[in-house]
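Here's a quick briefing to read alongside the structure. Have a look at the model first, then work through the points below.

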There are 2 protein chains.
Amino acid sequence: MTGDTSTWQQYINRGLAELDIPSVPAMLYEPIRYMLTLGGKRIRPLLTLMAADLFSIPDIRQAVPAALAVELFHNFSLVHDDIMDQAPLRRGKQTVHEKWNANVAILSGDNLLIMAYQQLAKCPADKLPAILETFNTVATQVCEGQQLDMDFEASSTVSIADYLHMIQLKTSVLLGGALKIGAILGNASEPDAEHIYDFGVNVGIAFQLQDDLLDVYGDPEQFGKQRGGDILANKKTYLLLSALDAADVETRSILHKWMETHDQPEKKINEITAAYNDLGIRQTTESAKQSYATQAYTALDKISCGKNRKIPLQTMAQYLLDRST
Amino acid sequence: MTGDTSTWQQYINRGLAELDIPSVPAMLYEPIRYMLTLGGKRIRPLLTLMAADLFSIPDIRQAVPAALAVELFHNFSLVHDDIMDQAPLRRGKQTVHEKWNANVAILSGDNLLIMAYQQLAKCPADKLPAILETFNTVATQVCEGQQLDMDFEASSTVSIADYLHMIQLKTSVLLGGALKIGAILGNASEPDAEHIYDFGVNVGIAFQLQDDLLDVYGDPEQFGKQRGGDILANKKTYLLLSALDAADVETRSILHKWMETHDQPEKKINEITAAYNDLGIRQTTESAKQSYATQAYTALDKISCGKNRKIPLQTMAQYLLDRST
């Protein structure tokens with residue numbers, strides 16, 4: 001992180017801390033304050049500011065409301081996804097629907113989404129229609145991605161292409177959108193706004209593949225999640241789908257057998273991991289990840305501004321894709 | 001309804017029918033299509049068009065996207081409220097969470113809210129910041145109203161003033177906001193936009209009091225709901241709170257006794273209705289309703305345009321407040 005990005009993170013954290021969140025009704029606003037103090041890396045709003053800076057916005061603070069909108073939207077989607085996924089923990093703390101109840105999580109999530117639009121409304125009027133259009137498109141795609149993710153849980157015919165499409169919608173377009181909104185605020189040309197969007201989407205897919213890898217091959221201490229959590233939840237990750245694809249009949253039937261049971265969790269993790277190792281799934285996934293990273297850097301290269309200005313975004317992409325946490 | 005309003009209703013219905021709703025993921029978009037074909041009176045979007053016309057918008061079709069946004073928002077709030085209230089029926093048909101499940105209702109509701117903003121983004125750019133601000137304020141107040149409504153269910157100390165505050169947020173501000181957005185599109189002055197907002201809010205409160213009355217004193221055949229539904233659900237309506245307020249110690253203890261039980265539903269409805277009759281609660285509520293109606297007409301009077309132009313809004317208010325359905 002450069003000196004600039006640490007200043008920008010301060011703008012984001014201060015902006016979130018200074019949101020004028022009422023105290024009543026407490027059951028509506030307390031969960032919102034709770035979510036926003038759980039922390040998180042604030043990557044998405046930072047991308048908005050970084051993109052605005054790349055295109056030399058005169059005062060980066062003009063982009064802070066849009067950055068906050070992106071972070072509020074992200075938190076809205078976490079609160080609602082956690083209900084749907086029945087997730088007990090978020091960032092090591094109780095999820096909203098666990099700490100309170102599902103109704104509280106539905107309504108405070110709704111209000112987080114509205115608060116995102118309250119921030120967007122503060123964007124310069126001449127940029128507002130384009131920003132709103134980008135934001136709305138991304139928002140509805142994120143809903144589509146979440147629905148596909150839920151559909152896939154119950155489906156036995158998910159292909160690798162289906163999975164990549166789903167994670168593009170559920171995870172990646174928000175990174176692309178966060179960057180594109182910053183670019184619009186920085187007066188980028190339309191082709192440049194598309195290039196930075198493509199950069200973000202490809203980084204996002206690679207980011208999710210890294211997440212899939214860390215579940216099995218990460219250091220649980222650093223990653224902060226239980227090793228093999230995806231395996232135990234029978235999540236159709238890139239690793240599992242690639243393994244099913246590459247396996248011979250015998251190994252595939254072993255994988256299917258494990259996917260149908262919740263018994264012997266430790267053995268399940270070990271045997272599926274062994275199958276991954278035999279099939280070279282770690283390398284398969286690493287090379288897919290690398291291919292998306294390459295596409296991301298190609299898109300970044302196309303942006304019509306000096307190479308040096310692009311270094312912070314390159315650094316950020318490397319940070320996201322090499323991360324162990 | 002004048003000839004104009006029937007044309008406008010066609011614009012609204014055609015606009016809703018022509019929304020470009022994708023077919024996949026089916027579990028996201030089918031419930032949205034389902035909700036939008038359940039019908040409803042489309043009062044709120046009509047108010048937006050009526051307000052735009054009051055202030056002589058050159059082409060009423062410019063206000064259709066904002067009107068659709070209001071209707072989409074209303075449907076979003078119905079889908080999510082029905083989950084929270086565990087309502088089995090909406091407009092005589094299964095609610096979304098009953099027909100599918102709660103997860104489907106959460107996510108398709110979210111997408112309805114985003115679709116509302118997609119329509120708002122089509123408003124003329126010079127009006128967009130003001131429209132977005134009005135819409136966002138109303139949207140968050142509707143969430144606050146829903147939370148208060150849920151809080152009141154568990155509270156034994158709800159006052160009449162608390163109740164009026166809750167229904168203002170949950171129901172009335174959306175009528176006011178629908179009108180104000182139309183006024184902004186019609187280039188109304190700021191004071192006029194406030195007057196029409198006040199008109200809508202007061203009509204909205206009177207409208208809810210009429211709803212409370214119809215539960216007990218309406219014709220169930222016409223009203224389309226079971227008589228005494230609010231009584232059986234122990235809803236703290238204006239009638240119940242006024243009765244608790246006016247009752248002597250003995251009657252109040254009878255009311256409390258019934259509020260603690262779900263037994264003998266028919267007897268419960270009859271005895272509580274008898275208490276209302278003894279205490280003159282129908283008249284109390286009618287006169288409160290009339291007082292809000294008067295405040296609404298006073299606000300309408302203040303708007304700086306010819307009296308004749310205001311007739312359609314007066315007619316609409318009368319229709320809403322005298323309705324038996």
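Do the copies meet through the same surface or through different ones, judging by the interface residues of chain B and chain A? They meet through the same surface, because 100% of the interface residues of chain B are also interface residues in chain A. Keep in mind that this is a predicted model.

**How the copies are related**

- Laying chain B on chain A takes a turn of 180 degrees and a shift of 0.0 Å along the axis, and the fit comes out with an RMSD of 0.0 Å.
- The two copies are therefore related as by a two-fold rotation axis.
- As background, any two copies of a chain are related by a rotation about an axis and a shift along it.

**The interface in numbers**

- Each side brings its share of residues to the contact: 33 residues from chain B and 33 residues from chain A.
- Together, chain B and chain A bury about 3100 Å², with 71% of it on carbon and sulfur atoms.
- If you want to know where to zoom in on chain B, try B:Leu107, B:Ile114 and B:Gln147, which supply 17% of the area that chain B buries against chain A, more than any other three residues.
- Don't go hunting for salt bridges here, as the count between chain B and chain A is 0.
- Polar contacts do turn up, with 10 residue pairs found across the interface of chain B and chain A, both partners being at pLDDT 80 or more.

**What chain B puts into the contact**

- Four helices of chain B give two or more residues to the side that touches chain A: H2 (26–37), H4 (64–84), H6 (102–120) and H7 (128–153).
- H7(B) gives the most to this side, with 13 residues.
- By residue type, the side of chain B that touches chain A splits into 22 nonpolar, 8 polar and 3 charged residues.

**A buried threonine**

- B:Thr285 sits in helix H15 (residues 281–302) of chain B.
- With a relative accessible area of 0%, B:Thr285 is buried.
- Leaving out residues up to four places away in sequence, B:Thr285 touches B:Leu209, B:Leu213, B:Tyr238 and B:Leu239.

**Backbone oddities**

- For context, most residues other than glycine have a negative phi, and most peptide bonds are trans.
- In chain A, the peptide bond from A:Val24 to A:Pro25 is cis, with omega near -5 degrees.
- A:Pro25 falls in the loop between helix H1 (3–17) and helix H2 (26–37) of chain A.
- Chain B has a cis peptide bond joining B:Val24 and B:Pro25, where omega is about 0 degrees.
- B:Pro25 is in the loop between helix H1 (3–17) and H2 of chain B.
- A:Asn234 is not a glycine, yet it has a positive phi of about 55 degrees.
- You'll find A:Asn234 in the loop between helix H11 (229–232) and helix H12 (238–246) of chain A, and it counts as buried because its relative accessibility of 18% is under the 20% cut-off.
- B:Asn187 also isn't a glycine, and its phi is positive at about 65 degrees.
- Look for B:Asn187 in the loop between helix H8 (160–185) and helix H9 (190–217) of chain B, where it counts as exposed because its relative accessibility of 61% is over the 50% cut-off.

Methods
Residues are numbered from 1 along each chain as its sequence is written. Chains are lettered from A and ligands numbered from 1 in the order in which they are written. This is a predicted model: local features need pLDDT of at least 70, side-chain atom pairs count only at pLDDT 80 or more; totals for chains, interfaces and linings use all residues. Side-chain values use heavy atoms; hydrogens and water are left out. Contact means heavy atoms within 4.5 Å. Buried area is the accessible area (1.4 Å probe) that two parts lose on being put together, summed over both. A salt bridge is a side-chain nitrogen of Lys or Arg within 4 Å of a carboxyl oxygen of Asp or Glu. A polar contact is a pair of N or O atoms within 3.5 Å; within protein, one must be able to donate a hydrogen and the other to accept it, and residues adjacent in sequence count only if both atoms are side-chain atoms. Ala, Val, Leu, Ile, Met, Phe, Trp, Tyr, Cys and Pro count as nonpolar, Asp, Glu, Lys and Arg as charged, and the others, Gly among them, as polar. Buried means under 20% relative accessible area, exposed over 50%, partly exposed in between (1.4 Å probe, protein chains only). Copies are superposed by least squares on the C-alpha atoms of residues with pLDDT of at least 70 in both.
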